[in-house]
Amino acid sequence: MAKKLFIKTYGCQMNVYDSARMADVLAPLGYEPVDAPDGADMVILNTCHIREKAAEKVFSELGRLRSLKELKQADGGMIIAVAGCVAQAEGEEILRRAPSVDIVLGPQTYHRLPEMVARAARAGGGVLDTDFPVEPKFDHLPEMHAPRGIGAFLTIQEGCDKFCSFCVVPYTRGAEFSRPVAAVEAEARQLVAQGTREITLLGQNVNAYSGEGPDGRPWGLARLAWRLAEIDGLVGIRYTTSHPRDMDDALIAAHGDLPALMPFLHLPVQSGSDRILAAMNRKHTADDYRRIVDRLRAVRPDIAMASDFIVGFPEESDADFAETMRLVRDIGFASAYSFKYSARPGTPAASKRYGHVDEAVKAERLAELQALLDQQQDAFNRACEGRVLPVLLDRRGRRDGQLVGRSPFMQAVHVDAPDAWLGTVVDVAVTGRTTHGLTGEVAAATGTALPAGRVHAREALAG
Ligand code: 5AD
Ligand code: SF4
């Protein structure tokens, strides 16, 4: 009989991908994913350490799981595993503080899960594997077990060598590593064969991608994207998340020349103050960022920009914050995430003894920044009203007869359409807005020019 596997995913899209891969790894052992932890044979918490309180959240979740584990004791037991970046950072501490945990594993070792499960069963728990193995996990992952969906993630690069002074990623995910082009292409082809139409290439620093090409030389992200765009049935390619320093000429040019590359780019800038950017060890200025966006808009005028911001980094003055607000006004973002700076253990910024910004000031700045970013997002969405956008219908809506898709600019678009149109790109006349997206009507008869290779619903139906 199938064993029940419940995976709870925190944090970034890379964790979403990792969770799916962990399910693949465990499938041959008879584990089938379920939606709730009650009665599960195995529970994995795939954790995130990027911002504050991550570890505390995990410990309180483990507290809740303990009673479920006790209930399951008489019925085969429940294996509890903590994976991801909190596991990498806290390691042994988790086993010590939460004895109900059987396995602690880092992001680079989950290909060894079957072995860990066997060891946990033999020893009654206490398994810790937070190595950075020399053999990359990707070489040991099995084929995909279940289809990933119409829009799917594909990790092509992992780790980070940038060492921004606030960030734990270089410590939890390790050094930069790029998967070879052939491996990425094989996985992409498999995804498309299973129904995926749009792929988001993932990496902590995805545009630093430098994987071994079929010619034995390193290929950059642009070249990889051109290669993947040749896959029949793949209508869209995105990538996230990027560093301004790695926006090279070829990648910028691809935004103009490669139709499959979607006109939306998440390019975190973090701050608009050169002084703070230097203290953050970002290795670029605010004007460098402005220039990159100018160049992108020169080749792709409708490209929508997104970013991440941190307010209240040590020593950030009112004047520094004003520079951030100025940058936001200059660029105009379609969407953005913004955070209060939080000191992460082990990072250079956390060891600064002086210059810490008051929590109240951080909160004020965050509210001010978020109000501006919300206003910009709203203005961006409003500007889409009355336009016809090509929309990839990728999931069912709440109502019967409703489908939800994504616009080229990553907005959710709600339309009335039959299920048979899932996985196709349709032209949608945008008629209104919801809190987080757009509503519209399928205007299948319109002749909006679509990038080559895109599949219209009407063509799909005719074929
Ligand atoms: N404090 C606040 N925000 C942070 N981020 C990363 N580290 C920290 C930190 N110590 C934010 C950055 C990054 C996003 C993923 O999380 O904005 O781009
Ligand atoms: Fe962290 Fe900077 Fe690397 Fe991004 S580029 S993962 S913020 S160190």
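Leaving aside neighbours within four places in sequence, L201 is in contact with ten listed residues that include L154, I156, V206, L221, L224 and L228. The contacts of L201 also extend to I237, R238, Y239 and T240. In this predicted model, L201 and M305 are the residues with the most contacts inside the largest nonpolar core, which has 53 residues. Another core, of 24 residues, lies apart from it and has L5, M42, I103 and V117 among its members.

T240, one of the residues in contact with L201, is joined to T241 by a cis peptide bond, with omega at about 0°. T241 is placed in the loop between β13 (236–240) and α9 (249–257).

Helix α2 comprises the 19 residues 54–72. At 1.5 Å a residue, α2 should span 27 Å; because its end C-alpha atoms are 27 Å apart, the model agrees with this expectation. The helix nevertheless shows a bend of about 25° at L65. L65 itself is buried, as are A54, A55, V58, F59, E61 and L62. Further along α2, L68, K69 and K72 are buried too, so that the buried set includes the charged residues E61, K69 and K72. The packing partners of the buried residues of α2 are the strands β1 (3–9), β3 (42–47) and β4 (79–83), together with the helices α3 (84–90) and α4 (92–97).

The surroundings of ligand 2 are formed by C160, K162, F163, C164, F166, C167, V169 and P170, with N205, H243 and R282 completing the shell. By class, the residues of this shell divide into seven nonpolar, two polar and two charged. The charged residues are K162 and R282, and the polar ones are N205 and H243.

Two residues that are not glycine adopt a positive phi. For N281, phi is about 60°, and the residue is found in the loop between α10 (274–279) and α11 (286–299). With a relative accessible area of 28%, N281 is partly exposed, because this value falls between the limits of 20% for buried and 50% for exposed residues. For E315, phi is about 75°; E315 belongs to the loop between β15 (304–311) and α12 (318–331). E315 is likewise partly exposed, its relative accessible area being 33%.

Notes. Residues numbered from 1 in each chain as written. Chains lettered and ligands numbered in written order. Predicted model: local features only at pLDDT ≥ 70, side-chain atom pairs only at ≥ 80, totals over all residues. Heavy atoms only, no water. Near = heavy atom within 4 Å. Helix = DSSP H or I, 4+ residues; strand = E, 2+ residues; numbered from the N terminus. Expected span 1.5 Å × (residues − 1). Bend = angle between axes of the 7 residues up to and from the residue. Buried < 20%, exposed > 50% of the residue type's maximum accessible area, 1.4 Å probe, protein only. Contact = heavy atoms within 4.5 Å. Core = buried A, V, L, I, M, F, W, Y, C linked by side-chain atoms within 4.5 Å.
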